[in-house]
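Dear colleague,

I am handing over the structure below, and after it you will find my notes on what turned up. Please read them with the structure open beside you.

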Amino acid sequence: MTNDETTNVVVRRILDAPVATVWRLWTDPELVTEWWGPEDYTSESATIDLRVGGAYVFGMRAPEYQGGAVSFTGGVYSAIVPHERLEFTQSITDEDGTPLPDDQLPDGFTQGIRTVVEFRDVRGLTELTITEHGWRRSLMSVFAYAGMHQSLDKLTSGTLRELEAAAAPPA
């Protein structure tokens, strides 16, 4: 649901990988650090307590041309249906996962974004749909949309290919 003051950010992709592989990319902390964050950002760390009520915290470093600061995204899982659906909140947090106060946030940033990630098998491929509910209409919602696309570009061009190569039987 949206109104004049809020919008949903929706990103949908068909990935050339089975659902089980894409699920691992979202739920294995070692794999998350390979792709999380927009273009030119690196993921410094990821912790995941994959259970309803469990928390996650992903760290990422901005490129040097943007100051090189480390920031954290964290939240709590509210629903988990293995290989089908993840639901969680998203906020800018400290390294322990505590949401930052409003006076430490970028202009227009919305804390506690309800996020739903859906995984659907399409003839051996994965249709991935990410919906971030309730963004304030601002430049930050545009950055969120672009950043998720850039993260998925990294996932598909690098991490996914490496996983497939490692899983392939020797020639």
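Asp49 is partly exposed, because its relative accessible area is 32%, where buried means under 20%, exposed over 50% and partly exposed in between, using a 1.4 Å probe and protein chains only. Asp49 forms a salt bridge with Arg51, and the closest N and O atoms of the two are 2.9 Å apart; a salt bridge here is a side-chain nitrogen of Lys or Arg within 4 Å of a carboxyl oxygen of Asp or Glu. Arg51 is likewise described as partly exposed, with a relative accessible area of 45%.

Before going further, please keep in mind that this is a predicted model, in which local features need pLDDT of at least 70 and side-chain atom pairs count only at pLDDT 80 or more, while totals for chains, interfaces and linings use all residues. Residues are numbered from 1 along each chain as its sequence is written, and side-chain values use heavy atoms, with hydrogens and water left out.

The structure holds eight salt bridges, and Glu87 takes part in some that are worth following with care. Glu87 is bridged to Arg85, with the closest N and O atoms 2.5 Å apart, and Glu87 also meets Arg114 in a salt bridge of 3.9 Å, N to O. Since Glu87 lies in strand S5 and Arg114 in strand S6, this pair ties together parts that are 27 residues apart in sequence; strands (E, at least two residues) and helices (H or I, at least four) are DSSP runs, numbered from the N terminus. Arg114 is partly exposed at 40%, and salt bridges that share partners join Arg85, Glu87, Arg114 and Glu118 into one network. Within that network, Glu87 is buried, with a relative accessibility of 15%, whereas Arg85 is partly exposed at 27%.

Strand S5 (residues 85–93) also contains Ser91, which counts as buried because its relative accessibility is 8%. A polar atom of the Ser91 side chain lies 2.9 Å from the backbone nitrogen of Gly112. If neighbours within four places in sequence are left aside, Ser91 is in contact (heavy atoms within 4.5 Å) with Phe72, Thr73, Gly74, Pro99, Gln111 and Gly112.

Next come the aromatic rings. Rings of Phe, Tyr and Trp (its six-membered ring) pair if their centres lie within 6.5 Å, and planes under 30 degrees apart count as stacked, over 60 as edge-to-face and the rest as tilted. By this rule the count comes to nine aromatic pairs. One of them joins Trp23 and Phe119 edge-to-face, at 5.1 Å centre to centre with 65° between the planes, and this pair links distant parts of the chain, as Trp23 is in helix H1 (residues 19–27) and Phe119 in strand S6 (residues 113–122), 96 residues apart. Trp23 is buried at 7% relative accessibility, and Phe119 is buried at 5%. Trp35 and Trp36 also form an edge-to-face pair, with 5.7 Å between centres and 65° between the planes, and both of these residues are buried. Ring pairs further link Trp26, Trp35, Trp36, Tyr56, Phe58, Tyr77 and Phe88 into a cluster.

Why is H1 largely enclosed by the rest of the structure? Seven of its nine residues are buried, so the helix is largely enclosed; the buried residues are Val19, Thr21, Val22, Trp23, Leu25, Trp26 and Thr27.

Finally, some notes on loops. Gln66 lies in the loop between strand S3 (55–61) and strand S4 (70–81), and Gln66 is partly exposed at 43%. The side chain of Gln66 makes a polar contact of 2.6 Å with the side chain of Tyr41, a polar contact being a pair of N or O atoms within 3.5 Å in which, within protein, one must be able to donate a hydrogen and the other to accept it, and residues adjacent in sequence count only if both atoms are side-chain atoms. The C-alpha atoms of Gln66 and Tyr41, which are 25 residues apart along the chain, are separated by 9.7 Å. His83, in the loop between S4 and S5, has a positive phi of about 65° although it is not a glycine. Arg123, in the loop between S6 and strand S7 (125–136), also has a positive phi, near 50°, and Arg123 is exposed at 83% relative accessibility.

With best wishes
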